[in-house]
Amino acid sequence: MKTVTCLLVFLMLIPKVQAQNYEEAKVPAYTLPDPLLSLNKVRIKTKTEWETTRRPELLRLFADHVYGRSPTAYSDIKFTVTNENKVAMEGRAYLKEVRIDVTQHQKTVAIHLILFLPNRVSGPAPAFLLINNRGKENTDPTRATKSDFWPAEMLIDQGFAVAAFHVSDAAPDDKTTFQNGVLQLYPDLLAADNGMRTLGAWAWGASRAMDYLQQEARVDKNKVAVIGHSRGGKAALWCAAQDQRFALVVSNCSGTGGASLARRQFGETVQRINTTFPHWFTPKYKQYGDNEAALPVDQHLLMALMAPRPVYVGTAVEDRWADPLGSFLALKNAETVYALYGVGPLPSATQPQVNTPVIESRLGYHLREGVHNLTRYDWTQYLAFARYHFEKH
Ligand code: GCU
């Protein structure tokens, strides 16, 4: 009997497995929405037209159809330093742990920010803020545990401040409890079929961390990068699209709903992500499962919303689920918007070879060997990218 049940379960799973496409030849023909053609068919020719017409239109479309609308206000925000150590990392860094209390409708949620400042930098330092979607041990403020997911020492030694908060502070990553974070403050968004869900909440959390970083004297507020891996990388892109105080964005292995094109239906599909993670996107996004062509946007337009700021997309060969080529193509198809600012294209017409990072371009990219992860190799490229663009270009 047991064997029969196992066999049945196995057979039921087969169609699902087959439904995930990993073959380039099976990518359907598709047409991407033109970044420079507004909904009412007006051609965008200047950066002013982009900024006043198309950019706001795209932000609205992404909010209404993909990530959900974000809160527009809160009644109070308060920063409390809950712990500090001026000689952390053997004296190389100043640790500050800051509780960010955000209040709206008489309710308060707290985002816990961990921040290391480089002691050898006398003026304000550039910074990386990680949206941490993995275990909290990855961003251990005591440094008893060290992780390549957030190699804080490496950043400090290169003169960068390094910050992180955990996604669960903004919204638990769980389909039954996700509303027990910031959405408690915004019941209207929770009730709306175009209100934000967890990805929107995480992006919002990063912006509240930015509120603190803006008034931290030892951080250069014009040189703050936001970075995230996978689901965190989706949130990092949506965050930087909306919040232009972030000067640079890095999205690592973010795949569907992040850097990769939905219309390619390669690896994880819109249908699949909405089924497995119904709490990530706005309810309306579910309409586009097996119906990607109807989406008024695709992820190249999210890249375009970064313009003219530097954006870097990291991918990995064995991470086919996240469609490395589709991520490259999203970047590539944002070039026309960067061109409005006189910013040159990604200097490669086709997907760069393995382990050949493109750093000296505002549209940065790499395909590294290996699996789905955020590694020391990735961080090495992201630091080089940030140094290049923050220092000289
Ligand atoms: C799953 C999910 C992806 C996501 C990833 C992660 O694989 O399908 O969309 O990016 O988890 O966050 O690690």
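This is a guided tour of a predicted model, arranged as a series of selections to make in the viewer.

**Helix 2**

Begin by selecting residues 47-67, which form helix 2. This helix holds 21 residues, yet its end C-alpha atoms are only 25 Å apart, short of the 30 Å that a straight helix would reach at 1.5 Å a residue. Where does a kink lie in helix 2? Select Arg54: a kink of about 35° is found there, shortly before the proline Pro56. Then move to Gly68, just after helix 2, where phi is positive at about 90°.

**Helix 6**

Next, select residues 198-214, which make up helix 6. Its 17 residues reach 24 Å from the first C-alpha to the last, close to the 24 Å expected at 1.5 Å a residue. Is helix 6 largely enclosed or not enclosed by the rest of the structure? Of its 17 residues, 16 are buried, so helix 6 is largely enclosed by the rest of the structure.

**Aromatic rings**

Now display the aromatic side chains, among which the model has 15 aromatic pairs. One of these joins Phe128 and Phe160, whose ring centres are 5.7 Å apart; the planes meet at 50°, so the pair is tilted. The pair links distant parts of the chain, with the two positions 32 residues apart in numbering. Phe128 belongs to strand 4 (residues 125-132), whereas Phe160 is in the loop between helix 3 (152-157) and strand 5 (161-166). Phe128 counts as buried because its relative accessibility is 1%. Phe160 likewise counts as buried, at 2% relative accessibility.

For a cluster of rings, select Phe62, Tyr67, Trp238, Phe281 and Tyr285, which are linked by ring pairs. Then select Tyr22 together with Arg320: Arg320 lies over the face of Tyr22, at 4.1 Å from the ring centre.

**The ligand and its surroundings**

Select the ligand next. Which residues are around the ligand? They are Ser230, Arg231, Lys234, Glu268, Ile273, Phe277, Trp280, Trp321 and His372.

Three side chains here deserve individual selection. In the side chain of Ser230, an N or O atom is 2.5 Å from an oxygen atom of the ligand. For the side chain of Lys234, the corresponding distance from an N or O atom to a ligand oxygen atom is 2.8 Å. For the side chain of Trp321, an N or O atom is 2.9 Å from an oxygen atom of the ligand.

Remain at Ser230 and inspect its backbone. This residue is in the loop between strand 6 (219-229) and helix 7 (231-242). Although Ser230 is not a glycine, it has a positive phi of about 60°. Ser230 is buried, since its relative accessible area is 12% and buried means under 20%.

**Arg263 and Arg264**

Proceed to the loop between strand 7 (248-252) and helix 8 (270-276), where Arg264 lies. Is Arg264 buried or exposed? At 2% relative accessibility, Arg264 counts as buried. With which side chains does Arg264 make polar contacts? One polar contact, of 2.7 Å, joins the side chain of Arg264 to that of Glu24. Another, of 2.8 Å, joins the side chains of Arg264 and Asp323.

Arg263 is also found in the loop between strand 7 and helix 8. It is buried, with a relative accessible area of 5%. Select Asp290 as well: the C-alpha atoms of Arg263 and Asp290 are separated by 9.5 Å, while the two residues are 27 residues apart along the chain.

**Backbone details in two loops**

Select His105, in the loop between strand 2 (93-104) and strand 3 (107-118). His105 is not a glycine, yet its phi is positive at about 50°.

Then select Ala307 and Pro308. The peptide bond from Ala307 to Pro308 is cis, with omega near 0°. Pro308 is placed in the loop between helix 9 (299-304) and strand 8 (311-316).

**A final stop at Pro187**

Finally, select Pro187, which is found in helix 5 (residues 187-191). Pro187 is partly exposed, with a relative accessible area of 48%. To end the tour, add Asn21 to the selection: its C-alpha atom and that of Pro187 are separated by 38 Å, and the two residues are 166 residues apart along the chain.

Note on methods
Residues numbered from 1 in each chain as written. Predicted model: local features only at pLDDT ≥ 70, side-chain atom pairs only at ≥ 80, totals over all residues. Heavy atoms only, no water. Helix = DSSP H or I, 4+ residues; strand = E, 2+ residues; numbered from the N terminus. Expected span 1.5 Å × (residues − 1). Bend = angle between axes of the 7 residues up to and from the residue. Phe/Tyr/Trp six-rings, centres within 6.5 Å; stacked < 30°, edge-to-face > 60°. Buried < 20%, exposed > 50% of the residue type's maximum accessible area, 1.4 Å probe, protein only. Lys NZ or Arg CZ within 6 Å of the ring centre and 35° of its normal. Near = heavy atom within 4 Å. Polar contact = N/O pair within 3.5 Å; in protein donor to acceptor, adjacent residues only side chain to side chain.
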